[in-house]
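Colleague: Could you walk me through how the helices pack in this model, and then the pocket?

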Amino acid sequence: MGCGAQKNSSGLNEKLRAKALEIFRRIDINNSGSIDKDETQKFWKTNFAKVNTQALFNAVDFDKSGQISEDEWMAFWEIVKKSGYTDTEISEELDNLMEGKAWVQFRKVDEFVKRDLQRKNSQVQEIVKQNSKRKSLVQQQQSFHQQ
């Protein structure tokens with residue numbers, strides 16, 4: 001995946017954000033706003049559930065807390081996009097996840113995160129914070145429109 005992808009630093013479009021959020025919410029069966037390994041294994045059922053879960057947590061659980069927050073999840077997909085994967089490639093992988101297919105390794109993302117650990121100011125943490133702010137803004141707008 002992504003072998004011939006053009007580098008594109010713009011973020012996820014709204015359609016991809018919505019797809020990624022839908023998958024997160026499917027995994028988050030207790031609606032806690034974060035997913036744990038038990039929920040993730042249930043999502044994959046018997047389709048190499050433990051292997052897929054471990055690979056997902058290795059890639060997405062940036063703070064190594066054993067929980068993946070919605071902000072971490074969305075930040076991961078933003079990093080996928082910033083790492084040069086195309087909208088089409090990301091959409092295909094999200095579709096595969098919706099169907100319960102295996103988690104793939106995004107090598108460019110792994111490299112990005114590895115380099116980020118060596119930086120003084122973490123870009124990963126900044127992307128997580130940006131997603132948290134974005135989520136808060138959306139919630140405020142939704143609340144305003146409901147009044």
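Modeller: Sure, here is a run of questions and answers on a predicted model.

Colleague: Let's start with α1 and α5. Is α1 roughly parallel or roughly antiparallel to α5?

Modeller: The axes of helix α1 (residues 14-27) and helix α5 (residues 87-98) come within 10 Å and cross at roughly 20°. Angles under 35 degrees count as roughly parallel. So α1 sits against α5 roughly parallel.

Colleague: And which hand does the crossing of α1 and α5 have?

Modeller: Here the side chains help set the scene: L16, K19, A20, E22, I23 and R26 of α1 touch D87, I90, S91, L94, D95, L97 and M98 of α5. By class that contact has seven nonpolar, one polar and five charged residues. As for the hand with which α1 passes α5, the crossing is left-handed.

Colleague: Now α4 and α5. How many charged residues are in their contact?

Modeller: Helix α4 (residues 70-82) packs on α5 at about 145°, the axes being 10 Å apart, and the crossing is right-handed. From α4 come W73, W77, V80 and K81, which meet D87, I90, L94 and L97 of α5. Sorted by class, the contact of α4 with α5 holds six nonpolar residues and no polar ones, and the charged count is two.

Colleague: What about α1 against α4: which word fits the angle between them?

Modeller: The two pack at an angle of about 140°, with axes 10 Å apart. Angles over 145 would count as roughly antiparallel, and 65 to 115 as roughly perpendicular, with those outside the named ranges called oblique. So for α1 relative to α4 the word is oblique.

Colleague: How many nonpolar residues does the contact of α1 with α4 have?

Modeller: α1 passes α4 in a right-handed crossing. The contact involves R17, A20, L21, I23, F24, R25 and I27 on α1, and E70, W73, M74, W77 and E78 on α4. Of these, no residues are polar and four are charged, while the nonpolar count is eight.

Colleague: On to the largest pocket. Which residues are closest to its centre?

Modeller: The largest pocket has a volume of about 330 Å³. There are 19 residues lining the largest pocket, and the closest to its centre are N58, A59, F62, K64 and V113.

Colleague: Which element gives the most to the lining of the largest pocket?

Modeller: The elements giving two or more residues to that lining are α3 (49-60), α6 (107-117) and α7 (123-146). By class, the lining has 10 nonpolar, four polar and five charged residues. With six residues, the element that gives the most to the lining of the largest pocket is α6.

Definitions and conventions: Residues are numbered from 1 along each chain as its sequence is written. This is a predicted model: local features need pLDDT of at least 70, side-chain atom pairs count only at pLDDT 80 or more; totals for chains, interfaces and linings use all residues. Side-chain values use heavy atoms; hydrogens and water are left out. Axes are lines fitted to C-alpha atoms, for helices over the stretch in contact, and angles run from 0 to 180 degrees between N-to-C directions. Helices (H or I, at least four residues) and strands (E, at least two) are DSSP runs, numbered from the N terminus. A crossing is left-handed if the near helix is turned anticlockwise from the far one by less than a right angle, and right-handed if clockwise. Contact means heavy atoms within 4.5 Å. Ala, Val, Leu, Ile, Met, Phe, Trp, Tyr, Cys and Pro count as nonpolar, Asp, Glu, Lys and Arg as charged, and the others, Gly among them, as polar. On a 1 Å grid over the protein atoms alone, a cavity is a set of points where a 1.4 Å probe fits but cannot get out, and a pocket is an open set with protein on both sides within 12 Å along at least five of seven lines; lining residues have an atom within 4 Å of a point. Grid points are joined across faces, edges and corners, and a volume is the space filled by probe spheres set on the points.
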